[in-house]
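Here are a few worked exercises to go through with the model open in your viewer. Try each task before you read its solution.

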Amino acid sequence: MNTQLERFSRIAEILTRHGLGFLASSMGLERWLPGRATMTAAEATSPERLRLALEELGPTFIKLGQLLSTRSDILPAAYLTELSKLQDSTPAVPAAVIRSLIQQELGALPEQLFATFEDEPLASASIGQAHAATMADGTEVVVKVRRPGIVARIDEDLEILKNLAAHASRRWEAAADYNVTGIAAEFADTLRAELDYLREGRDAERFAENFASSEDIYVPGIFWATTTSRVLTMERIRGIKVDQIDALDRAGIDRGQVAERAARAAAKMIFEDGFFHADPHPGNLFIQPGGRIALIDFGMVGEIDDRLRGQLGTLLLAFTSNDPERIGSALLMISVTTPAVDRGALRRDAARFIRLYEGRQLSEVEIAPLITQMLAILRNHRLQLPREMAMLLKMVLMTEGMGVRLDPEFSLGEILRPYAKRLAQDRFSPRTLADRLGRAGLEAAELGMELPEKLRALLDSMDAGVEVHLRAEELEPLVGRMERIGNRLVAGVIAAAFIRGIGELTAADGERMRTWQNPLLGAGLGAAGSLGAYLAWTARRKKSRGRR
């Protein structure tokens, strides 16, 4: 039997045995379904059954479950909690195989490359295996080696997932609304990137550069001479795991200070660097003497580009406006899927959401319930976030949860508030306004310039294929008039955008506005005067042409 067909059959059998036959049917696996299934986990909840099935399906599906545990815009909290329990542990690869792989990649045996190398692994996961070693200068390192044959196995499973997602989109309305084919494609890109240790090393160095001046965050160094796409050598980190509360207390670590440092580091990643650690679970954060936080495992990272930053700013302004219509529009704008949405129902949900937080400052709000309720609105209307936004929100939720465990009085909102306010204000800074006005002007100018050409093309097509009672030359005055209207439209759009920008800037922060009052007033008067002169000139031209 074909290997892929065997895999299809295995997937169908495992899903059915765990009481997920409906899921198998929705993905087009009916012909592989057993005639009568026996559920080994009948007493388990649906989220537990899904987790058990993914664990049994192997590395690719475990990674898929871990990714889905970050998608609170798609799955309810019970599923997120259960999928976050997925353990990525696999029986160890024999030491002889690991040593052979190192020799193939680095051209020498481990004892020739390292002062010491331990055959017994520190950890064994689905993609790689970690071994302790020391460099010639005595530096302790961890050597990660990618499992043999794992790339071929993952590629096969990713192809199968692609096919299953396509079937589900055709058969299951919810799957189509949530764009499962897009999720499968994004997951494939993420997992293939995780297979490349060179990329992980570069990402680690980027974090090290971003926190080079920080005394609160430490990022381990990469040893490039013994690093390839299949082998990664990284400085070994020792310390207390951030969730070991008793150990932190015995060491005299100020837990409240640790929580604040972790939150400020997260805020810096999001609002300043635009590059964040997307998996800050307790196993990836070690607390060193003095409370310094050391980060490890850079296989899952996120990046915030200008577009995502703008969406964040729009969302923050919408929430502070207490306007349900504006919040609904912001949620639609940031969504990557566009199912038919009942805007009235969305506005009513947004209004109920506003009432829960009306009159409260961000520093007075628990972030986790706020995000959870917002994501519930998205799920109810089958709206899906961009992957990076979903990862970012998951990171924020994990950061707040960790902070509260460390210090019950911890407030993430209080730490995020100045960063969020600055982001919202930056959307209406003079430089940003100038950029936006410039883009709007160019787009409007292109529209105005293209309109006569489009009209002429329409006239040509009408002359060629449609009988009309007007000749093209009779429409030339109309074309010229439309051209002038287009030019006036450009000026009007720019002026309107400028006026609205100033208005929103004033509403966003009156105090900061006062510092810009004179420059903006001068710019506004100049723009208004120029616009008035232009409109007067075009009106005069129109009259003079009319007299002729």
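**Exercise 1: Two loop residues with an unusual phi**

At 29% relative accessibility, Arg382 counts as partly exposed. Keep in mind that this is a predicted model.

Task: Where does Arg382 lie, and what is the sign of its phi?

Solution.
- Step 1, place the residue: Arg382 sits in the loop between α17 and α18.
- Step 2, check the backbone: phi of Arg382 is positive, about 55 degrees, although the residue is not a glycine.
- Step 3, look at Asp297: this residue is not a glycine either, yet has a positive phi of about 60 degrees. Asp297 is found in the loop between β10 (293-295) and β11 (301-303).
- Step 4, classify the exposure: Asp297 has a relative accessible area of 30%. Partly exposed covers the range between 20% and 50%, so Asp297 belongs there.

**Exercise 2: Helices α8 and α10**

Task: Work out whether α8 and α10 run roughly parallel or antiparallel, and say which classes of residue make up their contact.

Solution.
- Step 1, get the geometry: α8 (residues 150-171) and α10 (residues 180-194) pack at about 165 degrees, and their axes are 8 Å apart.
- Step 2, apply the cut-off: angles over 145 degrees count as roughly antiparallel, and therefore α8 and α10 are roughly antiparallel to each other.
- Step 3, add the handedness: the crossing of α8 and α10 is right-handed.
- Step 4, pick out the residues: α8 contributes Ile154, Leu158 and Leu161, among others, while the α10 side includes Ala184, Phe187 and Leu191.
- Step 5, sort them: the contact of α8 with α10 has 11 nonpolar, two polar and two charged residues.

**Exercise 3: Helices α16 and α17**

Task: Do the same for this pair: at what angle do α16 and α17 pack?

Solution.
- Step 1: α16 (residues 343-357) and α17 (residues 367-380) pack at about 170 degrees, with axes 10 Å apart.
- Step 2: That makes the two helices, α16 and α17, roughly antiparallel.
- Step 3: Leu346, Asp349, Ala350, Phe353, Leu356 and Tyr357 of α16 meet Pro369, Leu370, Gln373, Met374 and Ile377 of α17.
- Step 4: By class, that contact of α16 with α17 has nine nonpolar, one polar and one charged residues.

**Exercise 4: A serine before a helix**

Task: Is Ser411 buried or exposed, and how far is its side chain from the backbone nitrogen of Glu414?

Solution.
- Step 1: Ser411 lies in the loop between α18 (387-406) and α19 (412-426).
- Step 2: Buried means under 20% relative accessible area, so Ser411, at 18%, is buried.
- Step 3: A polar atom of the Ser411 side chain lies 3.2 Å from the backbone nitrogen of Glu414.

Note on methods
Residues are numbered from 1 along each chain as its sequence is written. This is a predicted model: local features need pLDDT of at least 70, side-chain atom pairs count only at pLDDT 80 or more; totals for chains, interfaces and linings use all residues. Side-chain values use heavy atoms; hydrogens and water are left out. Helices (H or I, at least four residues) and strands (E, at least two) are DSSP runs, numbered from the N terminus. Buried means under 20% relative accessible area, exposed over 50%, partly exposed in between (1.4 Å probe, protein chains only). A polar contact is a pair of N or O atoms within 3.5 Å; within protein, one must be able to donate a hydrogen and the other to accept it, and residues adjacent in sequence count only if both atoms are side-chain atoms. Axes are lines fitted to C-alpha atoms, for helices over the stretch in contact, and angles run from 0 to 180 degrees between N-to-C directions. Angles under 35 degrees count as roughly parallel, over 145 as roughly antiparallel, 65 to 115 as roughly perpendicular and the rest as oblique. A crossing is left-handed if the near helix is turned anticlockwise from the far one by less than a right angle, and right-handed if clockwise. Contact means heavy atoms within 4.5 Å. Ala, Val, Leu, Ile, Met, Phe, Trp, Tyr, Cys and Pro count as nonpolar, Asp, Glu, Lys and Arg as charged, and the others, Gly among them, as polar.
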